[in-house]
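Student: Please take a close look at one part of this model for me. I would like the largest cavity, its lining and the helix packing that goes with it.

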Amino acid sequence: MSWNNNVDLLAEYVKFLNFERGLSPLTRENYTRDIQQLLKLSDDTALKDLQSTHIRRYIASLHSKGLGGKSIARLLSSWRGFYDYLVQRHDYRNNPAKGLRAPKSAKTLPQALSIEQAIKLVDVKGDDVLSLRDHAILELFYSSGLRLSELINLNIDQLDFTEGTIIVTGKGNKTRIVPLGNHAITAIQNWLNQRASLLKDQTEKAVFLGKQGKRLSARNVQYRMKAWAIKQGLDTSVHPHMLRHSFASHVLQSSGDLRAVQEMLGHANISTTQVYTHLDYQHLTKVYDMAHPRAKKK
């Protein structure tokens, strides 16, 4: 009985996230998966009966099985949000996830391609409709540093080729204006000239369409990018966020303007953007090691 009640509460919460918070389908899916993990861990215990000691035990169990600090922190954030809702809407007395912290994990730098690798990846040849679409997608990722969700949710009316910009809706439904590079503009225009061949519904506003004429899915983009990385001869596994990291790292290397990179990425806090300074330092260290007489190894 408790399990069924827990599942019903989760279903209500997902509706709340959709209709009142206006969160994207991808974000709602992530919240759902995180909270389902909590329901699985709590077994048949009612959510109202869970205490901080239970949550601590779940965290310890997940950590002992190899789940990293960042992943556990995300779970805790989802659980806290869920319990905040239960306190407000279902008269729960306490939030057992409040004040708990995830175990620290070793800091890892985001993976980025070299400039040569990035150019090699996005230099897609072919004039068939899917190649033109994928070329536009890859150029846009690298040109403007978009998140995957931002790219697949992009609509035609958000493109401004005259100004060379796009209006992007990011996390928390915050909008920002991001510049478009000339290569991206050309690739997108070439794709839009062929977009009608996939279009089934004239009211569809999505920039990027799948074979069925509907908005392209995140999974499809991920699959196509991996396929192109192999086809273009890259010796590393590539995912959409890697091109975002590459964009940030390469712009920072060239300009040194951390604030501008923060603005283009849509980071609320500059501390989030500062991770790319470490990538930049790695680049500088390599240059130093190769160029400075006192750095060269005998």
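Tutor: What follows starts at the cavity and then moves to helix contacts and an aromatic pair.

The model is predicted. How many cavities of 30 Å³ or more does the structure hold? It holds one. The largest cavity contains about 40 Å³ of space.

Now the walls. The lining consists of D134, I137, L138, V221, R224, M225 and W228. Two helices, α6 (129-144) and α9 (218-231), each supply at least two of these residues. The largest share is that of α9, with four residues. By class, the lining has five nonpolar residues, two charged ones and no polar ones.

Follow α6 away from the cavity. This helix also packs against helix α10 (residues 240-255). The two axes lie 7 Å apart, at an angle of about 40°. Angles from 35 up to 65 degrees fall outside the parallel and perpendicular classes, so α6 is oblique to α10. On the α6 side, the contact uses L138, F141, Y142, S143 and S144. On the α10 side, P240, L243, S246, F247 and H250 take part. Note L138: this residue lines the largest cavity and also belongs to the contact with α10. The class count for the α6 contact with α10 is six nonpolar, four polar and no charged residues.

Next, set another helix pair beside that one. Helix α2 (residues 25-42) and helix α4 (residues 69-90) have axes that come within 9 Å. Their crossing angle is roughly 85°. Since 65 to 115 degrees counts as roughly perpendicular, α2 is roughly perpendicular to α4. From α2, the residues in contact are Y31, D34, I35, Q37, L38 and L41. They meet R74, L75, S78, W79, F82 and Y83 of α4. This contact has eight nonpolar, two polar and two charged residues.

Last, the aromatic rings. The count of aromatic pairs comes to eight. One of them joins Y13 and F16, and this pair is stacked. Their ring centres are 6.1 Å apart, with 20° between the planes. Where do these two residues sit along the chain? Both belong to helix α1 (residues 2-19). Y13 and F16 are three residues apart there, so about one helical turn separates them.

To return to your cavity: α9 gives four residues to its lining, and α6, the other helix with at least two, goes on to pack with α10.

Conventions. Residues are numbered from 1 along each chain as its sequence is written. This is a predicted model: local features need pLDDT of at least 70, side-chain atom pairs count only at pLDDT 80 or more; totals for chains, interfaces and linings use all residues. Side-chain values use heavy atoms; hydrogens and water are left out. Axes are lines fitted to C-alpha atoms, for helices over the stretch in contact, and angles run from 0 to 180 degrees between N-to-C directions. Angles under 35 degrees count as roughly parallel, over 145 as roughly antiparallel, 65 to 115 as roughly perpendicular and the rest as oblique. Contact means heavy atoms within 4.5 Å. Ala, Val, Leu, Ile, Met, Phe, Trp, Tyr, Cys and Pro count as nonpolar, Asp, Glu, Lys and Arg as charged, and the others, Gly among them, as polar. On a 1 Å grid over the protein atoms alone, a cavity is a set of points where a 1.4 Å probe fits but cannot get out, and a pocket is an open set with protein on both sides within 12 Å along at least five of seven lines; lining residues have an atom within 4 Å of a point. Grid points are joined across faces, edges and corners, and a volume is the space filled by probe spheres set on the points. Rings of Phe, Tyr and Trp (its six-membered ring) pair if their centres lie within 6.5 Å; planes under 30 degrees apart count as stacked, over 60 as edge-to-face and the rest as tilted.
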